[in-house]
Amino acid sequence: MSKDLVTMTIEIDREVYNKAAELFKNLGTTIEDMTVGFLKYCVIPENLLLLKEYLEAGAQPELHHRIFKQVFDIATKNTR
């Protein structure tokens, strides 16, 4: 493992994990890559206002789609 990487363990309900894993597999990625992609997305300063809006307004479809697309792009950047 690279000295620049950290291993993180999270607990998630097995049913949620299985559903998400299958969904992401069908999209050509993994739940692990999408999780890393989301964390990378969250630390980009330009995204903070959109994340704040998303969290305050709830999961509005347009905001949800914009964030998911950007996270997906980050998660699959090296696999396309």
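## Close-ups of rings, charges and a nonpolar patch

**View 1. Lys-69 and Asp-73 pair up along helix α4.** At 44% relative accessibility, Lys-69 counts as partly exposed in this predicted model, because its value falls between the 20% and 50% cut-offs. Its partner in a salt bridge is Asp-73, with the closest N and O atoms 3.1 Å apart. Asp-73 is partly exposed too, with a relative accessible area of 27%. The two residues sit four apart in helix α4, so about one helical turn separates them.

**View 2. Glu-15 meets Lys-19 in helix α1.** Here's another salt bridge, and its closest N and O atoms are 3.1 Å apart. Glu-15 and Lys-19 are four residues apart in the helix, which puts about one helical turn between them. Glu-15 is partly exposed at 49% relative accessible area, while Lys-19 counts as exposed at 55%.

**View 3. Helix α3 has a salt bridge between Lys-52 and Glu-56.** From N to O, the distance is 3.8 Å. Both residues belong to helix α3 (residues 48-57), four residues apart, or about one turn of the helix. Lys-52 is partly exposed, with a relative accessible area of 48%, and Glu-56 is exposed, with 61%. If you're keeping count, the structure has three salt bridges.

**View 4. Phe-24 stacks with Phe-68.** Searching the whole structure turns up two aromatic pairs, and this is one of them. The ring centres are 6.5 Å apart and the planes meet at 20°, so the pair is stacked. Phe-24 comes from helix α1 (residues 14-26) and Phe-68 from helix α4 (residues 61-75), so the pair ties together parts that are 44 residues apart in sequence. Phe-24 counts as buried, with 12% relative accessibility, whereas Phe-68 is partly exposed, with 29%.

**View 5. Phe-68 also stacks with Phe-72.** This aromatic pair measures 6.2 Å from centre to centre, with 15° between the planes. Phe-68 and Phe-72 are four residues apart in helix α4, so they are separated by about one helical turn. Phe-72 is buried, because its relative accessible area of 18% is under 20%. Put the rings together, and Phe-24, Phe-68 and Phe-72 make one aromatic cluster.

**View 6. Four residues form a nonpolar patch on the surface: Met-8, Ile-10, Phe-38 and Leu-39.** Together they have about 390 Å² of accessible area. Met-8 is found in the segment before α1. With 54% relative accessibility, Met-8 counts as exposed, because the cut-off is over 50%.

Definitions and conventions. Residues numbered from 1 in each chain as written. Predicted model: local features only at pLDDT ≥ 70, side-chain atom pairs only at ≥ 80, totals over all residues. Heavy atoms only, no water. Phe/Tyr/Trp six-rings, centres within 6.5 Å; stacked < 30°, edge-to-face > 60°. Buried < 20%, exposed > 50% of the residue type's maximum accessible area, 1.4 Å probe, protein only. Patch = residues over 30% accessible without salt bridge, like charges linked within 9 Å, V, L, I, M, F, W, Y side chains within 5 Å. Areas by Shrake-Rupley, 256 points an atom, 1.4 Å probe, with all protein chains shown as cover. Salt bridge = Lys/Arg side-chain N within 4 Å of Asp/Glu carboxyl O.
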